[in-house]
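User: I would like to go through this model and hear the reason behind each label. Please set each value against its cut-off.

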Amino acid sequence: MTHVLAIARREIEERAFVFVAATAIALASLVVLVIPHGTFADRRGGVVVLGSFLGVAFTWALALILGATLVGRELSERRLSFYFTRPVSGAAVWFGKLLAAVVLLAVSFAILHAIPLGIGVAEWRSMSTISRQSAVFLILGVAIVLMLVSHLVSTCIRSRSAILGLDFVALLLALGFFVATAEPLALAFALGPASYVAGLYVAALLIAGVGGGAWQLSRGRIDARRNHRALSTFAWSVVGVVALTAFVYSRWVVAATPADYKDVGGAQQGNVIWMHGTARGFYPEFLVNAATGASVRAGRSYAESGDVVAVVAPAETLQNAQLAFSGFQRPSDWTLTITR
């Protein structure tokens, strides 16, 4: 822990100019106060808007720069040997640099928002639909994700290794798995499970970035290509496990049947039962043939008018839907209309 703190302190001291830049940008937002237009309250609102925009832009830009130079620049310039000539582990070097980057981001963000929000608290409350605390967590959270992504990309590109082609293929596969996972959830309006899947991917990115940085320096030390190979192995292993888990989870969610309802409501006319309720984390609707027990997903587009039941279903469900309702004892009660 001592080594981590020592490295973090050294990094912060070397990049202290960031605080000066943040202060200058924060003061720049005060120029709105001298504009001879509108009331003083209007100008204070302008300070909040301009200061908030500059603060977010600077914080996210700084995150990208810090990520790209966290270890990538020293690796390509072969300056990491400074640390490894001492009894310091690769993980200690990584976490020291990561801690310094997080401190730089947090303090710079605080400086950038101290002036505009300090003089315009009431204006912020009147203009924003979210609380200041939520905004802070969101902006800093995005900044950390950007920093880790920038580090991953920088390490891969700076190594100039042929492994970069495999990284591109792995990225395409990960994106393909994400689309195949998210699309059925979106079509089923399973917003809760979809948010879980998004959270899994964000967690995978954080683990790949944080854990991968420690792993790469522990295995690759000062060799850029070995760092790239170690980082790619760790990161894509994590992403692969999460992508496969999320894919299986999404298929389990959309495979819900009326038997999975935890709470259920609905209506019946003749042999047709319309059922709705909570099942597997979302709110599916089904049309059930009371005579045979067969069912078809109704979806949010279910509607009824007189004695006609209309169901808009994906093309691949049409045949199953027709079979499900072919056993009506009194088909004249309700007519099933299915369209693409």
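Analyst: The model is predicted, and the questions below deal with salt bridges, exposure, a surface patch, a pocket and backbone angles.

User: What makes Arg-10 and Glu-14 a salt bridge?

Analyst: The distance from N to O between the two side chains is 3.2 Å. The cut-off is a side-chain nitrogen of Lys or Arg within 4 Å of a carboxyl oxygen of Asp or Glu, so the pair qualifies. Both residues lie in helix 1 (residues 2–14), 4 residues apart, about one turn of the helix. A search of the whole structure finds 5 salt bridges.

User: Why are Arg-10 and Glu-14 called partly exposed?

Analyst: Buried means under 20% relative accessible area and exposed means over 50%, with partly exposed in between. Arg-10 has 29% relative accessibility, so it is partly exposed. Glu-14 has 44%, so it also falls between the two limits.

User: How do you know that Arg-15 and Glu-11 are paired?

Analyst: Their side chains meet at 3.5 Å, N to O, and the limit is 4 Å, so this counts as a salt bridge. Arg-15 and Glu-11 are both buried, so each has under 20% relative accessible area. Glu-11 and Arg-15 are also linked with Lys-97 in a network of salt bridges.

User: What makes the contact between Asp-260 and Arg-280 a salt bridge, and which parts of the chain does the pair tie together?

Analyst: The closest N and O atoms of Asp-260 and Arg-280 are 3.3 Å apart, and the limit is 4 Å, so the contact qualifies. Asp-260 lies in the loop between helix 11 and strand 1 (263–269), while Arg-280 lies in the loop between strand 2 (272–278) and strand 3 (285–289), so the pair ties together parts that are 20 residues apart in sequence. Asp-260 has a relative accessible area of 24%, so it is partly exposed.

User: What is noted about the backbone of Arg-280?

Analyst: Arg-280 has a positive phi of about 55° although it is not a glycine. Most residues other than glycine have a negative phi, so a positive value is noted. Phe-189 also has a positive phi of about 55° and is not a glycine. Phe-189 is in the loop between helix 9 and helix 10. At 45% relative accessibility, Phe-189 is partly exposed, because the value lies between 20% and 50%.

User: Which residues make the nonpolar surface patch, and why can Val-169 belong to it?

Analyst: The patch is made by Val-169, Leu-173, Phe-177, Leu-244 and Val-248, and has an area of about 440 Å². Helix 9 (163–187) and helix 11 (224–254) are the elements that give two or more residues to it. The largest share, 3 residues, comes from helix 9, where Val-169 lies. A patch residue needs over 30% relative accessible area, and Val-169 has 44%, so it meets that condition. Val-169 counts as partly exposed, because 44% is between 20% and 50%.

User: What makes the lining of the second largest pocket mostly nonpolar?

Analyst: By class, the lining has 20 nonpolar, 1 polar and 1 charged residues. In total 22 residues line this pocket, and Val-149, Leu-152, Leu-171, Leu-205 and Trp-236 lie nearest its centre. Val, Leu and Trp count as nonpolar, so these five belong to that class. The pocket holds about 600 Å³ of space.

User: Which elements supply that lining?

Analyst: Helix 8 (132–159), helix 9, helix 10 (191–220) and helix 11 each supply at least two residues. Helix 9 gives the largest share, 7 residues.

User: Why are Val-31 and Ala-106 called partly exposed?

Analyst: Val-31 has 47% relative accessibility, and exposed starts over 50%, so Val-31 is partly exposed. Val-31 lies in the loop between helix 2 (17–28) and helix 3 (40–69). Its C-alpha atom is separated by 9.6 Å from that of Gly-46, 15 residues apart along the chain. Ala-106 has 34%, and buried means under 20%, so Ala-106 is partly exposed too. Ala-106 is in helix 6 (residues 90–119). The C-alpha atoms of Ala-106 and Leu-140, 34 residues apart along the chain, are separated by 7.3 Å.

Terms used: Residues numbered from 1 in each chain as written. Predicted model: local features only at pLDDT ≥ 70, side-chain atom pairs only at ≥ 80, totals over all residues. Heavy atoms only, no water. Patch = residues over 30% accessible without salt bridge, like charges linked within 9 Å, V, L, I, M, F, W, Y side chains within 5 Å. Areas by Shrake-Rupley, 256 points an atom, 1.4 Å probe, with all protein chains shown as cover. Buried < 20%, exposed > 50% of the residue type's maximum accessible area, 1.4 Å probe, protein only. 1 Å grid on protein atoms, 1.4 Å probe; cavity = no way out; pocket = protein on both sides within 12 Å on 5 of 7 lines; lining within 4 Å. Points joined across faces, edges and corners; volume = space filled by probe spheres on them.
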